[in-house]
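Reader: I'm new to reading protein models, and the labels people use puzzle me. Could you take me through some of them?
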Amino acid sequence: MNAHFRPGRGELAHLERVSVDRSFHAILRSLEAIGSAGAALALIRERVPEHEPEPAVFDSAIRFLDALDRGAPSEEALLTLQIRVLNVLGFSPTLDRCVGCGKVPAPGRAASFDAPRGGIVCRACGGGRLVLSAGALRLWATVQSTIEYASAPWPELERRQLHDALDQLDAQHATVGVRERTGAASGRWEGRTP
Ligand SMILES: [Zn+2]
(Lines give C-alpha, C1' and ligand atoms only; values in the text may rest on other atoms or scores of the structure.)
Protein backbone atom coordinates (compact mmCIF):
# COMPACT_ATOMS: atom_id res chain seq x y z
CA MET A 1 0.00 0.00 0.00
CA ASN A 2 1.22 3.48 -0.81
CA ALA A 3 -0.04 6.35 1.32
CA HIS A 4 0.81 9.93 0.47
CA PHE A 5 0.69 12.45 3.27
CA ARG A 6 1.39 16.10 3.55
CA PRO A 7 2.29 17.48 6.95
CA GLY A 8 -0.61 19.02 8.80
CA ARG A 9 -0.91 20.78 12.14
CA GLY A 10 0.83 19.04 15.05
CA GLU A 11 0.66 15.28 14.96
CA LEU A 12 -2.00 15.14 12.26
CA ALA A 13 -1.13 14.78 8.62
CA HIS A 14 -3.44 15.10 5.65
CA LEU A 15 -3.86 11.85 3.81
CA GLU A 16 -3.82 12.77 0.13
CA ARG A 17 -4.21 9.46 -1.61
CA VAL A 18 -3.80 5.76 -0.99
CA SER A 19 -3.11 3.10 -3.57
CA VAL A 20 -2.93 -0.62 -2.95
CA ASP A 21 0.12 -2.09 -4.69
CA ARG A 22 -0.21 -5.45 -3.05
CA SER A 23 -2.19 -7.07 -0.30
CA PHE A 24 -1.63 -9.92 2.12
CA HIS A 25 -5.06 -11.57 2.16
CA ALA A 26 -3.86 -15.00 3.25
CA ILE A 27 -2.79 -13.61 6.64
CA LEU A 28 -6.49 -13.16 7.45
CA ARG A 29 -7.01 -16.93 7.31
CA SER A 30 -4.93 -17.51 10.45
CA LEU A 31 -5.54 -15.98 13.86
CA GLU A 32 -1.91 -16.63 14.76
CA ALA A 33 -0.70 -14.76 11.70
CA ILE A 34 -3.08 -11.85 12.43
CA GLY A 35 -1.75 -11.70 16.01
CA SER A 36 1.82 -11.79 14.81
CA ALA A 37 1.23 -9.06 12.23
CA GLY A 38 -0.45 -6.85 14.84
CA ALA A 39 2.42 -7.34 17.30
CA ALA A 40 4.95 -6.53 14.58
CA LEU A 41 3.24 -3.29 13.58
CA ALA A 42 2.97 -2.26 17.25
CA LEU A 43 6.68 -2.98 17.68
CA ILE A 44 7.61 -0.86 14.67
CA ARG A 45 5.37 2.00 15.80
CA GLU A 46 6.98 1.84 19.23
CA ARG A 47 10.58 1.58 18.04
CA VAL A 48 10.86 3.76 14.97
CA PRO A 49 10.86 7.50 15.66
CA GLU A 50 8.02 9.41 14.01
CA HIS A 51 8.68 11.17 10.72
CA GLU A 52 12.00 9.34 10.28
CA PRO A 53 12.08 7.36 7.05
CA GLU A 54 13.49 3.94 7.88
CA PRO A 55 13.68 2.02 4.58
CA ALA A 56 15.42 -1.04 6.05
CA VAL A 57 12.66 -1.48 8.65
CA PHE A 58 10.00 -0.95 5.99
CA ASP A 59 11.65 -3.52 3.73
CA SER A 60 11.88 -6.04 6.56
CA ALA A 61 8.23 -5.41 7.48
CA ILE A 62 7.09 -6.06 3.89
CA ARG A 63 9.14 -9.27 3.76
CA PHE A 64 7.62 -10.24 7.12
CA LEU A 65 4.04 -9.72 5.88
CA ASP A 66 4.89 -11.58 2.70
CA ALA A 67 6.32 -14.51 4.71
CA LEU A 68 3.16 -14.65 6.88
CA ASP A 69 1.04 -14.44 3.76
CA ARG A 70 2.87 -17.47 2.38
CA GLY A 71 2.22 -19.41 5.58
CA ALA A 72 5.58 -19.01 7.38
CA PRO A 73 5.42 -19.96 11.08
CA SER A 74 4.19 -16.78 12.77
CA GLU A 75 6.23 -16.80 15.98
CA GLU A 76 9.45 -17.42 14.07
CA ALA A 77 8.56 -14.58 11.71
CA LEU A 78 7.84 -12.18 14.56
CA LEU A 79 11.10 -13.07 16.39
CA THR A 80 13.00 -12.60 13.13
CA LEU A 81 11.47 -9.16 12.62
CA GLN A 82 12.31 -8.20 16.23
CA ILE A 83 15.96 -9.16 15.72
CA ARG A 84 16.18 -7.20 12.47
CA VAL A 85 14.52 -4.08 13.85
CA LEU A 86 16.97 -4.09 16.79
CA ASN A 87 19.79 -4.51 14.31
CA VAL A 88 18.71 -1.65 12.04
CA LEU A 89 18.16 0.71 14.97
CA GLY A 90 21.57 -0.10 16.46
CA PHE A 91 20.37 -2.04 19.51
CA SER A 92 21.66 -5.50 18.63
CA PRO A 93 23.16 -7.29 21.61
CA THR A 94 26.76 -8.51 21.49
CA LEU A 95 26.62 -12.27 20.96
CA ASP A 96 30.10 -13.21 19.77
CA ARG A 97 32.09 -12.26 22.87
CA CYS A 98 31.62 -11.40 26.52
CA VAL A 99 30.49 -7.78 26.98
CA GLY A 100 32.66 -7.57 30.11
CA CYS A 101 36.08 -8.92 29.09
CA GLY A 102 35.74 -9.69 25.38
CA LYS A 103 36.35 -13.40 25.83
CA VAL A 104 35.03 -15.40 22.87
CA PRO A 105 32.95 -18.43 23.95
CA ALA A 106 34.20 -21.83 22.82
CA PRO A 107 32.42 -22.94 19.64
CA GLY A 108 29.45 -25.17 20.30
CA ARG A 109 29.02 -23.98 23.90
CA ALA A 110 26.02 -22.25 25.42
CA ALA A 111 26.47 -18.73 26.81
CA SER A 112 24.81 -16.63 29.52
CA PHE A 113 22.86 -13.63 28.29
CA ASP A 114 22.05 -10.44 30.15
CA ALA A 115 20.02 -7.74 28.39
CA PRO A 116 20.89 -4.92 30.82
CA ARG A 117 24.58 -5.50 30.06
CA GLY A 118 23.92 -5.73 26.33
CA GLY A 119 24.77 -9.30 25.39
CA ILE A 120 26.51 -12.44 26.54
CA VAL A 121 28.45 -12.39 29.80
CA CYS A 122 31.07 -15.01 30.76
CA ARG A 123 31.08 -16.68 34.16
CA ALA A 124 34.11 -14.69 35.35
CA CYS A 125 32.22 -11.48 34.59
CA GLY A 126 29.18 -12.59 36.56
CA GLY A 127 27.16 -14.48 33.93
CA GLY A 128 23.66 -13.54 32.89
CA ARG A 129 20.06 -14.35 33.75
CA LEU A 130 19.32 -16.35 30.61
CA VAL A 131 21.10 -19.11 28.74
CA LEU A 132 21.46 -19.13 24.97
CA SER A 133 22.40 -22.53 23.59
CA ALA A 134 24.98 -22.81 20.83
CA GLY A 135 22.07 -23.47 18.46
CA ALA A 136 20.22 -20.33 19.58
CA LEU A 137 23.37 -18.21 19.16
CA ARG A 138 23.87 -19.62 15.66
CA LEU A 139 20.23 -19.04 14.80
CA TRP A 140 20.39 -15.41 15.98
CA ALA A 141 23.53 -14.81 13.88
CA THR A 142 21.89 -16.39 10.83
CA VAL A 143 18.74 -14.28 11.22
CA GLN A 144 20.91 -11.14 11.41
CA SER A 145 22.96 -11.98 8.35
CA THR A 146 20.13 -12.81 5.94
CA ILE A 147 16.92 -11.11 4.80
CA GLU A 148 14.85 -14.26 4.40
CA TYR A 149 12.14 -15.52 6.76
CA ALA A 150 12.08 -19.16 7.88
CA SER A 151 9.50 -21.30 6.12
CA ALA A 152 9.78 -24.13 8.67
CA PRO A 153 9.49 -24.00 12.48
CA TRP A 154 12.66 -23.62 14.56
CA PRO A 155 13.56 -26.18 17.22
CA GLU A 156 11.43 -25.54 20.32
CA LEU A 157 14.34 -24.86 22.72
CA GLU A 158 16.00 -22.33 20.43
CA ARG A 159 12.75 -20.54 19.70
CA ARG A 160 12.01 -20.24 23.41
CA GLN A 161 15.50 -18.97 24.23
CA LEU A 162 15.37 -16.31 21.50
CA HIS A 163 11.88 -15.34 22.65
CA ASP A 164 13.04 -14.92 26.27
CA ALA A 165 16.16 -12.96 25.32
CA LEU A 166 14.15 -10.62 23.05
CA ASP A 167 11.57 -10.15 25.82
CA GLN A 168 14.35 -9.19 28.21
CA LEU A 169 15.80 -6.74 25.65
CA ASP A 170 12.35 -5.29 25.07
CA ALA A 171 11.79 -4.71 28.80
CA GLN A 172 15.24 -3.16 28.91
CA HIS A 173 14.53 -0.69 26.11
CA ALA A 174 11.12 0.16 27.53
CA THR A 175 12.93 1.72 30.51
CA VAL A 176 14.98 4.01 28.26
CA GLY A 177 13.19 7.27 27.48
CA VAL A 178 11.88 7.72 23.96
CA ARG A 179 13.97 10.87 23.50
CA GLU A 180 17.15 9.11 24.62
CA ARG A 181 16.44 6.13 22.42
CA THR A 182 15.70 8.32 19.42
CA GLY A 183 18.88 10.30 20.04
CA ALA A 184 20.98 7.15 20.19
CA ALA A 185 19.41 5.77 17.06
CA SER A 186 19.81 9.05 15.13
CA GLY A 187 23.46 9.19 16.14
CA ARG A 188 23.88 5.76 14.74
CA TRP A 189 22.17 6.65 11.47
CA GLU A 190 24.47 9.60 10.98
CA GLY A 191 27.49 7.44 11.57
CA ARG A 192 28.32 8.89 14.98
CA THR A 193 28.79 6.77 18.05
CA PRO A 194 26.15 7.76 20.59
ZN1 LIG B 1 33.85 -11.87 30.62
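Author: Sure, and keep in mind that this model is predicted. Let's begin with burial: a residue is buried if 20 or more other C-beta atoms lie within 10 Å of its own, exposed if 12 or fewer, and partly exposed in between.

Reader: Okay, so what makes Arg70 buried, exposed or partly exposed?
Author: Just count. Arg70 has 13 other C-beta atoms within 10 Å, so it is partly exposed. As for its place, Arg70 sits in the loop between helix 2 (55-69) and helix 3 (74-88). Phe24 is 46 residues away from Arg70 in sequence, yet their C-alpha atoms are 8.8 Å apart in space.

Reader: How do you know that the length of helix 4 agrees with what it should span?
Author: Helix 4 covers residues 134-145, which makes 12 residues, and at 1.5 Å a residue these should span 16 Å. The end C-alpha atoms of helix 4 are 17 Å apart, which agrees.

Reader: Which residues of helix 4 are buried?
Author: Ala136, Leu137, Leu139, Trp140 and Val143. They lie on the same side of helix 4, because their arc around the axis is only 160 degrees.
Author: Here's the general idea: an α-helix has 3.6 residues a turn, so residues three or four places apart point the same way.

Reader: And what about helix 1, which residues are buried there?
Author: Ala33, Ser36, Ala37, Ala40 and Arg47 are the buried ones. Their arc is only 105 degrees around the axis, so they too fall on the same side of helix 1. Over on the other side, Leu31, Gly38, Ala42 and Arg45 are exposed.

Reader: Why are helix 3 and helix 4 called roughly perpendicular?
Author: Angles of 65 to 115 degrees count as roughly perpendicular. The axes of helix 3 and helix 4 cross at roughly 65 degrees and come within 9 Å, so the pair is roughly perpendicular. Their crossing is right-handed.

Reader: Now the sheet. What makes strand 4 and strand 5 edge strands?
Author: The open sheet has 3 strands in the order 4-3-5, with antiparallel pairing. Strand 4 (119-120) and strand 5 (130-132) each have a single partner strand, so one side of each is left without a neighbour in the sheet.

Reader: How do you know that strand 3 and strand 5 pair?
Author: Two strands pair if there are at least two bridges between them. Strand 3 (residues 111-114) and strand 5 have 3 bridges, so they pass that cut-off and pair in the antiparallel sense. For one of the contacts, look at Ser112, whose bridge partner in strand 5 is Val131.

How values were computed
Residues are numbered from 1 along each chain as its sequence is written. This is a predicted model: local features need pLDDT of at least 70, side-chain atom pairs count only at pLDDT 80 or more; totals for chains, interfaces and linings use all residues. Helices (H or I, at least four residues) and strands (E, at least two) are DSSP runs, numbered from the N terminus. The expected span of a helix is 1.5 Å times one less than its number of residues. The arc is that of the directions from the helix axis to the C-beta atoms. Axes are lines fitted to C-alpha atoms, for helices over the stretch in contact, and angles run from 0 to 180 degrees between N-to-C directions. Angles under 35 degrees count as roughly parallel, over 145 as roughly antiparallel, 65 to 115 as roughly perpendicular and the rest as oblique. A crossing is left-handed if the near helix is turned anticlockwise from the far one by less than a right angle, and right-handed if clockwise.
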